[in-house]
Amino acid sequence: MAFTTVSAANVEELWDSEFFKSYVRANRFARYMGSTENSIINVKENLTKKAGDGITIPLITELAGAGVTGNGLLEGNEEALGNYGHKIEVATRRHAVAVTDNDQQFTGIPLRDAAKEQLKLWAMKKLRTDVITALGSISGTAYGSASEAAKDAWLAANSDRVMFGDGSVGGFTDHSADTALVTASMTLDKETVSKAKAKAEMATPIIRPVTVGEDSETYVMFVGSGAFRDLKADLGTSLQNAQERGDGNPLWNDGDLMWDGVVIRKIQEIDALGTVGASSARIEPYFLCGAQAIGVAWAQRTKSTTDTRDYGFVKGVGIHEMLGVEKLVYNDQDHGVFTGRIAATAV
């Protein structure tokens with residue numbers, strides 16, 4: 001009788017596929033990732049099927065014209081579609097774990113599985129860090145590496161999608177000077193959330209909310225630990241009702257807050273900008289996001305590799321993938337991100 005033996009290549013491919021799905025699904029930004037233009041984090045995998053150094057994500061802007069009515073002639077009154085493109089360049093990143101025969105004997109499990117959880121955690125943290133960096137980036141440059149001139153130019157181009165403190169301060173020409181106007185009392189509260197949402201809706205072009213179901217529109221605000229704590233305290237007796245309204249929303253996660261159609265998601269790794277507010281107030285950023293805020297381009301899904309050395313005593317397993325993560329910017333404007341600066345004491 002002949003028995004079918006699964007080839008090593010097929011076993012490896014299955015491991016790689018399950019690893020990729022598991023680490024992406026377990027990431028704290030996972031519920032906001034999708035392949036459509038209605039996703040906050042727009043994922044593209046075009047380059048997994050063809051060569052290229054990047055993916056250009058297109059945006060077709062909303063029509064603003066009034067059209068014609070009655071016997072008015074439509075011919076000659078057509079409206080040109082505004083269209084832009086943001087290219088996300090991809091790069092390879094890798095990591096590995098080495099195990100000796102001695103330790104392998106102690107584990108009693110295959111090498112790939114022994115290293116799987118730690119490599120998964122590394123990949124998750126890396127993707128999470130990339131998304132946070134992209135959210136705070138200044139015209140494609142990480143916030144901490146951007147010059148003051150670049151921050152000022154970004155602020156001027158995005159003046160209708162940036163808010164300092166409670167929205168009562170800011171000249172929107174000097175980023176550092178405006179941040180220094182935020183006082184310690186300007187913490188994140190429900191009024192600030194509502195004002196940020198209203199400004200996002202009035203921005204030109206609008207920061208488009210994510211459509212949930214047939215008639216519900218939602219923004220998601222990513223905040224640090226201090227800002228989340230302050231908002232939770234401010235909501236007070238409103239908190240339970242806010243949570244109840246969020247239970248049926250797929251963008252909602254247990255532990256999130258919800259107010260005025262905005263899901264507030266705590267990402268504790270969002271760092272403070274420092275004590276750069278008025279009288280050295282500690283300032284945290286927040287990011288109110290609509291559709292197509294961030295783009296993720298995968299050119300190569302996570303793939304495992306192995307290595308043997310020291311006469312076969314040391315065996316290693318690694319992963320490598322090729323991707324790019326960027327905030328989508330069109331016409332020098334952050335397409336789907338409204339950025340705020342708020343006071344928050346350290347947790």
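A residue counts as buried here when its relative accessible area is under 20%. Keep that cut-off in mind as we walk through this predicted model, starting at helix H4.

H4 runs over residues 148-157, and its buried residues are Lys151, Trp154 and Leu155. These residues sit on the same side of H4, because the arc they cover around the axis is only 100°. What do they pack against? The partners are strand S6 (162-164), helix H5 (175-179), and three further strands: S13 (314-327), S15 (333-334) and S16 (337-343).

Step off the helix and you get to Asn158, in the loop between H4 and S6. Is Asn158 buried or exposed? Its relative accessibility is 0%, so Asn158 counts as buried. Setting aside neighbours within four places in sequence, Asn158 is in contact with Asp332, Gln333 and Asp334. With Asp334 there's a specific atom-level detail to look at: the Asn158 side chain reaches the backbone nitrogen of Asp334 at 2.7 Å. Another residue to find from here is Ala203, which is 45 residues from Asn158 in sequence, with 9.1 Å between their C-alpha atoms.

Now for the nonpolar interior. In soluble globular proteins, nonpolar side chains tend to be buried together. In this model the largest nonpolar core has 39 residues, and Tyr23, Phe29, Ile40, Ile41, Leu135, Phe222 and Trp298 are the ones with the most contacts inside it. Several elements each supply at least two residues of this core, including helix H1 (8-26), helix H3 (111-136), strand S8 (216-223) and strand S12 (294-309). H3 provides the largest share, nine residues. Apart from this core lies another, of 21 residues, with Met163, Val193, Leu231 and Val262 among them.

Ile40 is a good place to zoom in. Not counting residues up to four places away in sequence, Ile40 touches Tyr32, Val210, Val220 and Phe222, as well as the run Cys289, Gly290, Ala291, Gln292, Ala293 and Ile294.

Finally, the empty space. Rolling a probe the size of a water molecule over the atoms shows where such space is left. The largest pocket holds about 340 Å³. Which residues are closest to its centre? Of the 20 that line the pocket, they are Ile132, Thr133, Gly136, Tyr143 and Asp271. H3, S11 and S16 are the elements that give two or more residues to the lining, and H3 contributes the largest share, five residues. So H3 turns up twice on this tour: it gives the largest share of the largest nonpolar core and the largest share of the lining of the largest pocket.

Methods:
Residues numbered from 1 in each chain as written. Predicted model: local features only at pLDDT ≥ 70, side-chain atom pairs only at ≥ 80, totals over all residues. Heavy atoms only, no water. Buried < 20%, exposed > 50% of the residue type's maximum accessible area, 1.4 Å probe, protein only. Helix = DSSP H or I, 4+ residues; strand = E, 2+ residues; numbered from the N terminus. Arc of directions from axis to C-beta. Contact = heavy atoms within 4.5 Å. Polar contact = N/O pair within 3.5 Å; in protein donor to acceptor, adjacent residues only side chain to side chain. Core = buried A, V, L, I, M, F, W, Y, C linked by side-chain atoms within 4.5 Å. 1 Å grid on protein atoms, 1.4 Å probe; cavity = no way out; pocket = protein on both sides within 12 Å on 5 of 7 lines; lining within 4 Å. Points joined across faces, edges and corners; volume = space filled by probe spheres on them.
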